[in-house]
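Here's a protein to explore, with a short tour to go along with it. Have a look at the picture, then read on.

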Amino acid sequence: MLVSATEMLKKAKAGHYAVGQFNINNLEWTKSILLTAQELNSPVILGVSEGAGKYMGGYHAVVGMVNGLLQDLNITVPVALHLDHGSFEGCYKCIEAGFSSIMFDGSHYAIDENVAKTTELVKAAHDKGLSIEAEVGSIGGEEDGVVGMGECADPNECKAIADLGIDFLAAGIGNIHGKYPENWKGLSFETLDAVQQKTGDMPLVLHGGTGIPADMIKKAISLGVAKINVNTECQLAFAAATRKYVEEGKDLQGKGFDPRKLLAPGAEAIKATVKEKMELFGSVGQA
């Protein structure tokens, strides 16, 4: 059964570890992430971007797939199904479809409009028992066509959004989606500390978890980060394993590829990546 992310993240912040959000793009990714979470007895958040939701057939299809896997794989650890970087309209669609958590990315709006739209969505989500994440200060890089320059959030604006009743907050601290460039200046822990001072016990979220050094990850967790998003690292691992399988010419018998065999190495690569991250985040055994 899907649960909201609120309790798992409150527990994570109090326990000084982070829950991993791993974005899903198909059945293989979802199955691999769930099996790894169950094996490690770790809570987990399945992230779905609007583009991935469309690719998988729509939000109802995603909910049906995830709920079916939870039942048939006998998954007992806490699992949240979360809209990642959702639009205002997308949030409503996911609430209706049966997601257990949403993120409204209003970071590109003026703060007054961000506040107004977030306020409306907080009520809509909480009326249905969903958790809701909001964002202040855009995350750098590109995701589903949304480009951010990696701004550092204004701590006072973070407090204004946090006070609306959201359950957790993504604050830009110089992090970006995708690979980090060689000239990346690193995370702004000064900003993160200031945001935590303003928002108190609210769990904070670190987007762009791929490629951030382990020592920075641990320091971010010590400063209130309770949810860390990982997508690119899973994409790279899946692609590399699949490419190797094809280049080695396995399963070439004049009949084409068996898709189950073709995707199996990538699924195993996802498991290894998720396990590594859960161990780094400290969520193993915390279900």
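What follows is a walk through two helices, the nonpolar cores and a pair of cysteines, all in a predicted model.

## Helix α1: two sides

Let's start with helix α1, which spans residues 6-15. Which of its residues are buried? They are T6, M8, L9, A12 and K13. Looking down the axis of α1, you'd find these buried residues within an arc of 165 degrees, so they line one face of the helix. It helps to know a bit of helix geometry here: an α-helix has 3.6 residues a turn, so residues three or four places apart point the same way.

What about the other side of α1? There, E7 and A14 are exposed. After the helix comes H16, and its phi is positive, near 60 degrees.

## Helix α8: a similar exercise

Now try helix α8, residues 189-199. Its buried residues are F189, T191, L192, V195, Q196 and T199. Around the axis they cover an arc of only 155 degrees, which puts them on the same side of α8. Turned away from that buried side is a face carrying the exposed residues E190 and Q197.

So what covers the buried residues of α8? The cover includes the helices α1, α7 (155-162) and α9 (214-222). It also includes the strands β8 (168-171), β9 (204-206) and β10 (225-230). Just after α8 sits G200, with a positive phi of about 65 degrees.

## The nonpolar cores

Time to look inside. The largest nonpolar core has 73 residues, and I24 and L81 are the ones that touch the most other members. Helix α4 (residues 59-72) gives this core its largest share, seven residues. Apart from this core lies another one, made of 13 residues, among them A5, L9, Y17 and V205. You've met L9 already, as one of the buried residues of α1.

Which residues does I24 touch, if you skip those up to four places away in sequence? The list is W29, T30, I33, L46, G47, V48, A52, M56, V62, M65, V66 and L81.

## A word on cysteines

A disulfide is a covalent bond between the sulfur atoms of two cysteines. How many disulfides does this structure hold? The count is zero.

Are C152 and C234 buried or exposed? C152 is partly exposed, with a relative accessible area of 44%. C234, on the other hand, is buried, and its relative accessible area is 0%.

Note on methods:
Residues numbered from 1 in each chain as written. Predicted model: local features only at pLDDT ≥ 70, side-chain atom pairs only at ≥ 80, totals over all residues. Heavy atoms only, no water. Buried < 20%, exposed > 50% of the residue type's maximum accessible area, 1.4 Å probe, protein only. Helix = DSSP H or I, 4+ residues; strand = E, 2+ residues; numbered from the N terminus. Arc of directions from axis to C-beta. Disulfide = S-S within 2.5 Å. Core = buried A, V, L, I, M, F, W, Y, C linked by side-chain atoms within 4.5 Å. Contact = heavy atoms within 4.5 Å.
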